[in-house]
Amino acid sequence: MSPVVNAYDPELISLLTDLVATPSFSGEELTVQSRIARWFSAAGINSDLEDADGGLKNLVVTIEGQKNGPVLWIGGHCDTVGVASDWTKEPHRPVIEDNRLYGLGAMDMKGGLAAAMLTVRALHRSRDQWSGKIIFSALADEEAWSRGANAFVRKDRGIDAAIMCEPHFSDVIIGALGKINLKVEVTGRSAHGSRPEEGVNAVIEAARLLVAINGLERFVHHDFGKASHCVLNVTSGDGRYEIRVPDHTAFVVNWHFMPGETVEDAVKTIEALVAGLNSPARFAVSVGEPRYESFLLDKDSAFVSQFCESYRLIIGKEPDLRFGRGVSDANIFAGRSGIPTLLFGPDGANMHAGDEWVDLDQLHLSRAVYLDFARQFLKFNQTSPLQ
Ligand SMILES: [Zn+2]
């Protein structure tokens, strides 16, 4: 136990244990979402199960303070990846050893969710003492297609700031790369293979474009440099042996991009290369799912400064504000929908691997940061304690 955490809160530990013991693989979140709903209901808090694509749900809790004011979102995804082959413990039978709780999803990210749930309940108990609104969500499908986050942001809820309780304790994420898959379809014209000059060979035309894509000069971000792209595959024809000029080829480019670049920019870049080829073939560029826009918060914004203040107060050091190279639901919140979002929550190890664990000191400290920040952000009346 760290010197700043005097004792573990049995309620927080048992809530986390309960969440981890409830399997919730991507696409199978409903059982854990119902459990979360029951937990809120026992505290006198209503929740809604909102629809997401593919028959999935998001669990959403909204609590209003005494007066109108800012809207804060807190939460994250409640799905986990599958069971890796190297587990030596039971993935859904959580155990505590030293200051760690082991179990699938303990770190990513049921620890953060449990801490957020207790924060929301504390705010509910004192709702006559603050202004604005707090929204909590347990989103589906982050580990796969982010269908939960996609559905959630379709409705404008006026959210001013969002804390996604992902395992980033020392490295608080305030921006991230974007990532999409660009599909390019090339249509030529068939002819007998002995007279190729009479057709338009889609493979050759695709190859010309692939060479151009490989030599692209990418946008350079002044702080983070440039992103990369990689051609993932090329397909053509149906695999049959025949002497025919191929008239169709398709390929996929995995395209990473910096803040300052958009999905539309990526499409335009490829289309400009196509125009430069003067090709007799036709090219169609499309963007597939999943789709993650890049984002970057302003370090000097009131949201980030206020968060840093709470972090310093509780954890006793300066947060390390980082730019993330991986994508998450935050790309959809911030990059696509413009909701200022940062990632902070209890960390651990072995994410997406065997014997995943979350640090219980960080679990308690994260909850304290959430509470302190919410108190500042929602203009809590300072005269009574919030717990
Ligand atoms: Zn996660």
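How many bridges join E18 to strand E19, and in which direction do the two strands run? I began my notes on this predicted model with that question. I found 2 bridges between E18 and E19 (residues 357-359), and the two strands run antiparallel.

**Entry 1: the sheet around E18 and E19**

I looked up one residue opposite another. Gly 348 faces Val 358, which belongs to E19. Then I traced the whole sheet. It is open, has 4 strands and follows the order E4-E5-E19-E18, with antiparallel pairing. Strand E4 (95-97) and strand E18 (348-349) are its edges, since each pairs on one side only.

Next I checked what lies across this sheet. H3 crosses E5, E18 and E19, and runs at about 45° to E19. H9 crosses E5 and E19, at about 55° to E19.

I also stopped at the loop between E18 and E19, where His 352 lies. Its phi is positive, near 60°, and it is not a glycine. I counted 13 other C-beta atoms within 10 Å of His 352, so it is partly exposed.

**Entry 2: helix H1**

I compared the span of H1 with its expected value. Helix H1 covers residues 10-21, which is 12 residues. At 1.5 Å a residue it should span 16 Å, and its end C-alpha atoms are 16 Å apart, so the two agree.

Which residues of H1 are buried? I listed Leu 15, Leu 16, Leu 19 and Val 20. They take up an arc of only 130° around the axis, so they sit on the same side of H1. On the face turned away from that buried side I found the exposed residues Pro 10, Glu 11 and Ser 14.

I then asked what covers the buried residues of H1. The cover includes helix H2 (30-42), strand E5 (100-102), helix H3 (106-125) and helix H9 (360-377). E5, H3 and H9 already appeared in my sheet entry: H3 lies across E5, and H9 does too.

**Entry 3: Ser 137**

I moved to strand E6 (residues 131-139), which holds Ser 137. Is Ser 137 buried or exposed? It has 30 other C-beta atoms within 10 Å; the cut-off for buried is 20 or more, so Ser 137 is buried.

I looked up its contacts, leaving aside neighbours within four places in sequence. Ser 137 touches Asn 58, Leu 59, Val 60, Gly 75 and Phe 152. I also took one distance. Ser 47 is 90 residues from Ser 137 along the chain, and their C-alpha atoms are separated by 9.3 Å.

**Entry 4: backbone oddities**

I noted two cis peptide bonds. One runs from Asp 108 to Met 109, with omega near -5°. Met 109 is in helix H3. Another joins Glu 289 and Pro 290, with omega about -5°. Pro 290 is in the loop between strand E14 (282-287) and E15.

Ser 146 also made my list. Its phi is positive, about 55°, although it is not a glycine. I placed Ser 146 in the loop between E6 and helix H4 (147-154). It counts as buried, with 26 C-beta neighbours inside 10 Å.

**Entry 5: the domains**

I read the domain assignment last. It gives domain 1 (10-176 + 294-377) and domain 2 (178-287). Their C-alpha centres lie 39 Å apart. The contact takes 8 residues from domain 1 and 7 residues from domain 2. On the side of domain 1 that touches domain 2, strand E15 (295-296) and helix H8 (329-336) each supply at least two residues.

Methods
Residues numbered from 1 in each chain as written. Predicted model: local features only at pLDDT ≥ 70, side-chain atom pairs only at ≥ 80, totals over all residues. Expected span 1.5 Å × (residues − 1). Buried ≥ 20, exposed ≤ 12 C-beta atoms within 10 Å, placed from the backbone. Arc of directions from axis to C-beta. Contact = placed C-beta atoms within 7 Å. Pairing = 2+ DSSP bridges. Axes fitted to C-alpha atoms, helices over the stretch in contact; angles between N-to-C directions. Domains from an automatic or database assignment.
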